[in-house]
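Here are some questions on charged side chains and nonpolar cores. Each is worked through briefly.

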Amino acid sequence: MLVFWCRYRLRWGCRGLAVRVGGQRGGPSLALCAATNAMSGRSKPWSSCSCPELAAGQRGGAGGPGAAARLPQEESEAQGRGRRANLGPGDPAIVKSPSDPKQYRYLTLQNGLCALLISDANNMDIVLSEESSEWEDNDETEIETDEDDDSGAEMDEDKENYEDDDNDGDDEEDPNNSDDMEVEELTGKEEAKKRNGTDKLSAAALCVAVGSFCDPEDLPGLAHFLEHMVFMGSLKYPDENGFDAFLKKHGGSVNASTDCERTVFQFDIQQKYFKEALDRWAQFFIHPLMIRDAIDREVEAVDSEYQLARPSDANRRELLLGSLARPGHPMKKFFWGNAETLKHEPKKSNTDIYSRLRDFWQHYYSAHYMNLVVQSKETLDTLEKWVKEIFSQIPNNGLPKPNFGHLTQPFDTPEFYKLYRVVPIRNVHSLSIAWGLPPQERHYRVKPLHYISWLVGHEGKGSVLSFLRKKFWALALYGGNGETGFEQNSTYSILSISVTLTDEGYEHFYEVAHVVFQYLKMLQKRGPDKRVWEEIQKIEANEFYFQDQADPVDYVESLCENIHIFCKEDFLTGDQLLLEYKPEIIADVLNQLCPVRANLVLLSAASKRKCHLKERWFGTQYSVEDIDKYWRDLWASDFPLNQDLHLPEENKYIATDFSLKASDCPDTEHPVRILSTHHGCVWYKKDNKFKIPKAYIRFHLISPLIQQSAKSVVLFETFVNILSHNLAEPAYEADVAQLEYKVVSGEHGLVIRVKGFNHKLPLLFQLIIDQLSDFSFTPAIFEMITEQLKKTYFNILIKPEMLAKDVRSLILEHGKWSMIDRYRRLMKGLDTESLSAFVKGFKSHLYVEGLVQGNFTSRESKDFLNYVVLKLQFLPLPHPCPVQFRVVDLPNTHLLCKVKTLNKGDANSEVTVYYQSGARSLREYTLMELLVIHMEEPCFNFLRTKQTLGPVCFITVETPYCMITNSCSELVDKKIEDFLLYFEGRMRLLTEKAFRTQVSALIHIKECEDSCLGEEVDRNWNEIMTQQYLFDRLAHEVEALQSLTKSDLVDWFQAHRGKERKALSIHVVGFGEQEGDSDVQQSVLSEIYQLTFLPPSSYMKNTSYIRDIRNFTLMLNLLPYHKILK
């Protein structure tokens, strides 16, 4: 399955394009959709640098001078000199990792703008970049049709947007990894993620030190709205969609986000076009048009983001807590903005929103408020020349920067120190405890909140969570400061501890809070522990020293915010390393974490009858009450400590050997099978490219039992959840020592993923296999996990996009048990005997396939498979087990399946249009990739910009996705068809030059080298998981692309638009007055049993519609198992 995504990424809101690319699944097909997605972004607090200017390496911490850049003691000086030798010239004051080859330079322009320049060039890169450092206005740089304008908007290019922090892009399903064990890959995670080579793209980010705190009282959301509007063309480049189109046709993407005190803009693009892109982008800050005619359309986009943000419990909690701030504090404002605040209310009061928007831009978008970061393969001198030439034109109004630092202690109010019962959207019991603290960003070298959250969030022996799990009161605990603008800014910092409760834990939530307070009191009495602080410091330093190179666009985004917070020498280290041990600072924060100053928020649908208040903007139901007198009096006294709570023991998993192993077999370009038996096989590749002391171990334990019935799938997922629960405490030390692991319930087997420093990695792998071999559970654990799994399934099904995927899977994938099938079966009940029998059967017959890649020898790699076989003592499978599902062959017509969303409180709808192509070759597969690239930007412009169907529109190959608000789903389907008609006309005008340019761009993407070992492992693991083993797939795809012609592309598109096309529309329709629903309320756990099928409206009255999925699919033929190999 190949998936291209064009998505918004937002804090309060956002604008941007990001595309995910994946591999085939169940036969390729083409899909179109318009979509919206809201994501919280990473953020840091704003502050000015108050620390003295000292040379790099002169600042002493607990680890001695120069701790940020020191070598691990076990690495030889020769190795260290080798690493330092290639650092090259740059700004010596900026401390960086010895493994970082990039060069840095920091400067301030005459207009006050601060810029950090990053040269990511080797000598060959410099030669090439200097040959093409000026804009190339020849024919090859443009992608034309006969209707070309200055934007070239008719063609596009894609980039992949990774969402996994660890680059682990597997297809398997994971019901264990979320704040309430929410399924990660149960939600339809794509099987293969091909990178798009973003490591070779140039990138820039600009941070304006202005955000939603500056919103006028009468125009909530204006800062967010301005972030949208500045992209509507500029005086120099007036085309409204010109910048998006320019980026897309040259392999790039653009995004932006608004936070409390900052607004960040970023983009990336192929290096060849970087200077022109910088100039186009800078014009938004020099002279944006902010077209008056675009205001109503962009208000609709902002309102759509608001509507999609409403069903988020995290967003609701932030808005509710923000309302508790003192009067006059900006946190009480409504930052999102919507149609009411930006359109209807201004009209009533005769407010000229356009004039106010321009005034806001002139007042706040000033050069001396801005930090710029650029990264490319040009030299530092070239980048400096470009930046001065282009960005010196940004005006400086000379006004003082907005400052809110005087508004301290906003939550020191009686309203904050209470218990709030809140009705959540998801089915979850959760207790959140929060303290409002003085702003902590000035202590970034000490990181007191990081030290405290490390201890409170610990899961090993003596921890809060370990104690609560033994009581069967809690499933997970998260503590700390999220570094978003809400949790950390110039006026305060928030420390939060959130506990995911079991049903029994909900009944004892006061006792749960008491355990947390007992642990904090223990920390206060002991005081800061230097051994613990230095252990954290060592772990972070090891990771920093051997860090992977980041995606440039993410890297520049992070650094442009760092410049606002950290001193120059700490730009690269300030958010990663513990630099100074100052126990008095840690103790000061600890002593403020007392029970009487805490805010308690209890999330549970069980509180609904008590919640008679409603928050204005998101409609959150809640109640407020004083803390129970018994507990209030106890917490005000000198209550006794809990002897079961103590500091963690010394961590045995911290790596100390960083040597690189010598190869014991010939080096290979791709993985080779080094051991194969009837029990399984292991693939191996020694890392001789990145040369880091890390490794990846992945194993797939395949069993035909899993997909035999819905019951067996549920039993398998219960088994994996209990296994994860059993591992949580013994494996936690490894986890915090940067040895990451996951056990995942895949569709056809148990997937074990382990990665990190190779020194102690075998210990962690053996621990997992030992726990699997000795698997056991009690009835109480079984009850706790199955109850939580019910909530997990429920929380997935109430999301329209997840329900649409589930319905699509139910129709198309033969033999796969859908989420709703599993939920129904689980609600009928399971017993412990069934689970025991399933686990015994699962472990008795398996086929095990593994990949070991990195700093291990082939002999060591064989030992991993041998250990699995030895410990589990299983028999080989009598017959091979397929790792694919067969897909139904749709009839040659357009079908509609329209269902009601399962969340009665959600007005959002989802539209999917699926075009099936059937089993295809590599050549046709790459042809579809190319077609999607051509379609994506025009699709975004047509459906999102002009039709305002949602903040995000994207196209995928095989899996469609579309989310809308306040629109008829059939009307949206019709608009997608209108786009296809429009695009069909554009295809007829496609020039040979434009076609070749896009082919070259896609080839460039596929030929880019991996930026880190994890990307290479992901690609290889996908080939093993799908049992295709075409490890040089990208090279074959490049070869296929080179053989394509323009007529191939046009003919393929027209063939799938003809009378023989196979199309399936899936609509998930939201609740609301616009849908004729009078009784809108929240769904409850027991209600989700049946899908409600709806007939088509007049827009699609002649379309055949599906009312019974099982009966419909029984009549269809099945496509064969399909692998794209040649």
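A salt bridge is a side-chain nitrogen of Lys or Arg within 4 Å of a carboxyl oxygen of Asp or Glu. The model is predicted.

Q: How many salt bridges does a search of the whole structure find?
A: The search covers the whole structure. Asp 1048 with Arg 923 is a salt bridge, with the closest N and O atoms 2.7 Å apart. The search finds 54.

Q: Are Asp 313 and Arg 426 buried or exposed?
A: They form a salt bridge, with the closest N and O atoms 3.3 Å apart. The pair links distant parts of the chain, 113 residues apart. Asp 313 sits in helix α7, Arg 426 in the loop between β11 and β12. Both residues are buried.

Q: Why does Lys 974 count as partly exposed?
A: Lys 974 meets Asp 978 in a salt bridge at 3.5 Å, N to O. Both lie in helix α28, four residues apart. Partly exposed lies between 20% and 50% relative accessible area. Lys 974 counts as such because its relative accessibility is 38%.

Q: Which side chain of opposite charge is nearest to Lys 843?
A: Lys 843 is found in helix α25. A polar atom of its side chain lies 3.1 Å from the backbone oxygen of Leu 772. The backbone oxygen of Ser 773 also lies 3.1 Å from a polar atom of that side chain. Lys 843 is buried and has no salt bridge; the nearest side chain of opposite charge, 6.8 Å away, is Asp 774.

Q: Which helix gives the most to the largest nonpolar core?
A: This core has 156 residues. Phe 517 is one of those with the most contacts inside it. With 11 residues, the helix that gives the most is α14.

Notes:
Residues numbered from 1 in each chain as written. Predicted model: local features only at pLDDT ≥ 70, side-chain atom pairs only at ≥ 80, totals over all residues. Heavy atoms only, no water. Helix = DSSP H or I, 4+ residues; strand = E, 2+ residues; numbered from the N terminus. Buried < 20%, exposed > 50% of the residue type's maximum accessible area, 1.4 Å probe, protein only. Lys, Arg positive; Asp, Glu negative; His and termini not counted. Polar contact = N/O pair within 3.5 Å; in protein donor to acceptor, adjacent residues only side chain to side chain. Core = buried A, V, L, I, M, F, W, Y, C linked by side-chain atoms within 4.5 Å.
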